[in-house]
Amino acid sequence: MSREPMLLRWGNDGAVSITTIQPAQTLHLVVASFAAPRNTAAILQALQDHARGQAASDLDPQAVAAVRAALATFAAEAEEGAVALRGGEATGLGRAMDRCQQAYDHMAALLPALHAPALARTVQGLKAGGALGAKFSGAGGDGSVIALYQDPHAAREGQAWLGGLEGVQAWICRIQRRPGDHAAAAG
């Protein structure tokens, strides 16, 4: 099993390509999960319906446009985040995470199934506490968030803050360059 970060790309035909990413520096992710998951099936169905723009009179054209724009943002920011990770640009990776969260928030304002105030407050709290970037994990349905830190002490503080929230478990995951991997440091 690979322990390197990976970039997954979904093609229009449903095929997935996977690229491993060699980080140029060690970074710390704080991953948190809420005990009470949200309705993932409803979230994914709302996203799918709006992404496809189902010809149904009950779909708001603004919501369809927001979902399509968000999906494009997610893909572009994943690419930007991969470049930042390879180049040792922790703040660039954090900005990419934040832009993904902003796109999700815009969709959630138009689609009630995506509205997640507790997750949104958690992301805001992590950012206020010094995270370089923070976002929901996946579609937000499982009630997970992820925050990026460059400093291990700051990551531990983020984890401790999350641990103080009711029904939340948090872990720290280190992303690091493999020993002897000079190609990542070169660029």
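This report walks through the strand pairing, the nonpolar cores and an aromatic pair in the structure above. Please keep in mind that the model is predicted.

Let's start with strand β3, which spans residues 27-34 and is mostly covered, with six of its eight residues buried. β3 pairs with strand β6 and also with strand β5. The table sets out these two pairings, along with the residue found across from Val30 in each partner strand.

| Partner of β3 | Residues of partner | Sense | Bridges | Opposite Val30 |
|---|---|---|---|---|
| β6 | 168-175 | antiparallel | eight bridges | Ile172 |
| β5 | 144-149 | antiparallel | six bridges | Ala147 |

Next, the interior. The largest nonpolar core has 32 residues, and Met107, Leu114, Leu126, Phe136 and Tyr149 have the most contacts inside it. A second core, separate from that one, has 12 residues, among them Ile21, Leu27, Ala84 and Met97. Back in the largest core, Leu126 is a good residue to look at: leaving aside residues up to four places away in sequence, Leu126 touches Ala131, Ala134, Val145, Ala147, Tyr149, Gly158, Trp161 and Leu162. Ala147 is thus a name to recognise, as the β5 residue opposite Val30.

Finally, how many aromatic pairs does a search of the whole structure find? There is one. Tyr104 and Phe136 meet edge-to-face, at 4.8 Å centre to centre and with 65 degrees between the planes. Because Tyr104 belongs to helix α3 (residues 90-110) and Phe136 to strand β4 (residues 133-136), the pair ties together parts that are 32 residues apart in sequence. Tyr104 and Phe136 are both buried.

Definitions and conventions. Residues numbered from 1 in each chain as written. Predicted model: local features only at pLDDT ≥ 70, side-chain atom pairs only at ≥ 80, totals over all residues. Heavy atoms only, no water. Phe/Tyr/Trp six-rings, centres within 6.5 Å; stacked < 30°, edge-to-face > 60°. Helix = DSSP H or I, 4+ residues; strand = E, 2+ residues; numbered from the N terminus. Buried < 20%, exposed > 50% of the residue type's maximum accessible area, 1.4 Å probe, protein only. Core = buried A, V, L, I, M, F, W, Y, C linked by side-chain atoms within 4.5 Å. Contact = heavy atoms within 4.5 Å. Pairing = 2+ DSSP bridges.
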